[in-house]
Amino acid sequence: MIWCHLKIIIKNEDYLFRIINIADTCINLGHWPKYFKVSTTIIIPKLNKSLYDHLKAFHLIVLLNTLGKLIEKVVAKRLQFIVASNDFIHPSQLGSLKFKSTVDTGIALTHIVWSGWAKGRSTSSFAFDISQFFPSLNHNLLVLILEKAGLDHKVTNFFVNYLIQRSTKYLWNNLSSPMFDVNVGVGQGSALSPIVSLHPRK
């Protein structure tokens, strides 16, 4: 099933109700079906590389079940609404959030700069990227963060199960590998990314 097919299916109220029922049942049971945990990782060589003997010379694209991705997207939106409404996300946290843009980032940075100038101070910015932070996120720490955010135990149990027992196969042109078990963290597009990347308000 691809996105264009799924868009047609969810226009039918009966089918849409069944999909919602699947999502609600997953949350209530604290379980993410193994069917949605199986992926295919496409290996695409980057152009104009003199050597292809290291990982950075390739793009890795992970393809997941379309229905599972739809449910993940809905859960992500609900999760963002809940944590934003209880003030868990700091106002200066802008990355990966709905209704936030580069304009908001510029306004926040300008405000900080002008506030410093008003106090007679010089202001500078420092940015860095922690390589592999989300994929290597400790699962136990993640559960503590979710509990700190005030989420129901059913939701935290769901995400505990969501992260384990995943598998993928690698596909390069017409060559396909056997299935491999993979240990995952929180991907950059995940529902949890904006939540685990900040310090909660006290």
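**Notes on the helix packing and the core**

1. Let's start with H2 and H6: these two helices are roughly perpendicular to each other (the label covers angles from 65 to 115 degrees, with under 35 called roughly parallel, over 145 roughly antiparallel and the rest oblique). Their axes come within 6 Å and cross at roughly 95°. Axes here are lines fitted to C-alpha atoms, for helices over the stretch in contact, with angles running from 0 to 180 degrees between N-to-C directions. From H2, Cys-26, Ile-27 and Asn-28 meet Lys-154, Val-155 and Phe-158 of H6, where contact means heavy atoms within 4.5 Å. By class, that contact has four nonpolar residues, one polar and one charged (Ala, Val, Leu, Ile, Met, Phe, Trp, Tyr, Cys and Pro are nonpolar, Asp, Glu, Lys and Arg charged, and the others, Gly among them, polar).

2. A word on what you're looking at: this is a predicted model, with local features needing pLDDT of at least 70 and side-chain atom pairs counting only at pLDDT 80 or more, while totals for chains, interfaces and linings use all residues. Residues are numbered from 1 along each chain as its sequence is written, and side-chain values use heavy atoms, leaving out hydrogens and water.

3. For the overall layout, the protein chain has seven helices and five strands, in the order α-α-β-β-α-α-α-α-β-β-β-α along the sequence. Helices (H or I, at least four residues) and strands (E, at least two) are DSSP runs, numbered from the N terminus. Of the 202 residues, 30% are buried (under 20% relative accessible area; exposed is over 50% and partly exposed is in between, with a 1.4 Å probe and protein chains only). Take the contacts between residues at least 6 apart in sequence: 61% of them join residues at least 24 apart.

4. H2 (residues 13-29) also packs against H3 (residues 66-85), with axes that come within 11 Å and cross at roughly 65°. That pair is therefore roughly perpendicular too, and the crossing is right-handed (the near helix is turned clockwise from the far one by less than a right angle; anticlockwise would be left-handed). On the H2 side you'll find Ile-19, Ile-22, Ala-23 and Asp-24, meeting Leu-67, Leu-70, Ile-71 and Arg-78 of H3. This contact is made up of six nonpolar and two charged residues, with no polar ones.

5. H5 and H6 run another way: they are roughly antiparallel, crossing at roughly 155° with axes that come within 10 Å. The crossing is right-handed. Val-143, Leu-146 and Glu-147 from H5 meet His-153, Thr-156, Phe-159 and Val-160 from H6, a mix of four nonpolar, two polar and one charged.

6. Now the core. The largest nonpolar core has 26 residues, and Trp-32, Leu-67, Ile-71, Phe-158 and Phe-159 have the most contacts inside it (such a core is a set of buried Ala, Val, Leu, Ile, Met, Phe, Trp, Tyr and Cys residues joined through side-chain atoms within 4.5 Å). H2, H3, H5 (139-148) and H6 (153-162) each give two or more residues to this core, with H3 giving the most, six. Beyond four places in sequence, Trp-32 touches residues including Cys-26, Ile-71, Phe-158 and Tyr-162.

7. Last, have a look at Ser-176 in strand S4 (residues 175-176). Ser-176 counts as partly exposed because its relative accessibility is 46%. Outside its neighbours within four places, Ser-176 contacts Lys-169, Tyr-170 and Leu-171. Thr-41 is 135 residues away from Ser-176 in sequence, yet their C-alpha atoms are 9.7 Å apart.
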